[in-house]
Amino acid sequence: MAIHFMLCLWISTVTQACSKQQRLAMSEDEVIDTNSNLGMGVQIRVKQLAIRGSQDKQKNIITQYINEQHDDETHQTFTNKLLEKVKIYVSISQKIKECIKNVSVGEIGYPIKFNKTAVQLEKLSAWLEQQKCAGDLDRLIGRIMQGFFYKKLRNDIDSDALPILGVSIEQAFYGNEVSSVSSMLLATLATMCGKEPISMPGAATFYPFLKSTFKLPIELVDEIHQYSYPFASEKGMFLFGDYQYGGHRDLPDQFLFAAEECSTSVAKAINLSFKDKSGIGRELDTAIMVESFYNKELQNKFGYQAIDYLSSERETSENQKAWEAIEPGDIFLVEGHTATFETKYNNSGITSTFQFGREIEDAKVDNRLGGGTYSYNLFTKIKDKTVYILRPNKNKLSESISLTNLLHTIDQKYGNKWPNGPADNVIITWQEFFGGR
């Protein structure tokens with residue numbers, strides 16, 4: 001039965017990945033020959049590896065606790081407690097959301113202001129209720145001990161590919177809400193095992209309130225302590241997922257495994273500095289990137305040049321010229337979002353990008369969260385927004401590497417450096433981790 005389930009899971013995952021058109025599939029022969037795509041690939045992969053390691057550590061805590069209980073506490077009793085605990089956590093998260101609704105970004109920071117903790121917990125609660133209605137909740141703990149988490153999916157990593165953003169939440173663990181909600185499920189269970197919340201590099205980032213003078217209401221802080229709510233404290237919030245709005249540009253230290261947003265990941269990929277608060281990378285966001293397209297001084301400041309743009313208001317021949325100018329490693333930019341071009345466009349106008357993104361609320365669009373690859377149809381994209389093309393200076397690598405070899409190299413370097421996973425987040429750049437090329 002277990003073998004049949006795993007086979008069906010594998011077939012459905014492969015089928016979904018293969019049929020996720022319109023996407024330019026990354027093949028073993030694909031070459032990474034630009035610093036920007038190398039930087040994006042490293043950032044995406046190391047966070048994925050850290051997420052898996054953090055989740056496995058939590059799973060081991062839960063497994064040890066359950067095994068030590070013998071017959072004192074059945075799986076059914078434990079899962080019923082979990083269901084009630086998550087409902088309480090949903091209530092607390094909603095109270096925090098309401099509390100910060102009218103608080104300025106300057107007091108609490110972008111990641112906390114636009115956090116999705118309540119949404120993620122509501123999704124977890126709804127799924128647990130579905131499991132209960134289906135008579136399947138009693139088997140939850142046993143499945144978790146076997147490595148099956150939210151949506152009954154495993155956190156296995158494809159050694160030859162990066163996550164595809166937007167793949168079905170019923171079939172893919174990474175690239176959507178599943179990974180982050182799984183981490184929250186495991187963190188909740190760990191607190192039920194009597195463990196203090198532990199660091200989860202890759203999976204969660206702690207954000208202090210930007211102004212230390214900001215305080216949550218005392219009654220809310222008391223409730224956080226009373227129910228061992230692991231997602232906030234009187235000093236800040238633990239936000240789950242490798243994408244957070246604003247990245248962690250406002251933190252004094254920059255961590256290899258902490259969450260990024262679209263522009264912070266691109267800034268790091270093109271070697272902009274985040275070393276101190278005056279680091280130029282901290283200034284780069286999508287608004288200033290659009291402005292820089294028309295401003296040579298800003299282009300020089302950030303180390304790239306404007307190549308061309310695509311717009312529904314241009315003649316077809318002008319757009320055609322712009323399409324043909326795109327090279328892998330160029331920066332893809334629209335108002336409010338940025339990425340790097342993984343590929344040129346094909347005859348249907350499809351291009352693939354490396355990026356960090358998040359959209360887990362709107363059912364009308366692809367459910368995506370974190371770092372991975374994501375495809376656009378440029379023919380239809382320009383009907384909504386102007387697409388700007390920027391090219392980083394001195395972007396070509398002295399030695400190219402295939403995507404497969406890149407991922408294998410990252411996996412090996414990560415395993416050698418942190419054989420048991422990092423104990424905490426690590427203050428190191430992707431360049432320092434990967435080495436020169």
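Colleague: Which residues in α2 meet which residues in α8?

Modeller: This is a predicted model, in which local features need pLDDT of at least 70 and side-chain atom pairs count only at pLDDT 80 or more, while totals for chains, interfaces and linings use all residues. Residues are numbered from 1 along each chain as its sequence is written, and side-chain values use heavy atoms, without hydrogens and water. I51, Q55, Q58, K59, I62 and Y65 in α2 meet S179, S182, S183, L186, L189, A190 and M192 in α8, where contact means heavy atoms within 4.5 Å.

Colleague: At what angle do the axes of α2 and α8 cross?

Modeller: Two packed helices are described by the angle and the distance between their axes. Here the axes of α2 and α8 (residues 177–192) come within 9 Å and cross at roughly 30°. That makes α2 roughly parallel to α8 (angles under 35 degrees).

Colleague: How many residues of α2 are buried?

Modeller: Of the 35 residues of α2, 27 are buried, so the helix is largely enclosed by the rest of the structure (buried: under 20% relative accessible area, 1.4 Å probe).

Colleague: Which residues have the most contacts inside the largest nonpolar core?

Modeller: In soluble globular proteins, nonpolar side chains tend to be buried together. The largest nonpolar core (buried nonpolar residues joined through side-chain atoms within 4.5 Å) has 103 residues, and V42, L124, L128, L189, Y229, I410 and F433 have the most contacts inside it. Helix α2 (residues 35–69) gives the most to this core, with 11 residues. Apart from this core lies another, of 16 residues, including L310, F332, F341 and V387.

Notes
Buried means under 20% relative accessible area, exposed over 50%, partly exposed in between (1.4 Å probe, protein chains only). Helices (H or I, at least four residues) and strands (E, at least two) are DSSP runs, numbered from the N terminus. Axes are lines fitted to C-alpha atoms, for helices over the stretch in contact, and angles run from 0 to 180 degrees between N-to-C directions. Angles under 35 degrees count as roughly parallel, over 145 as roughly antiparallel, 65 to 115 as roughly perpendicular and the rest as oblique.
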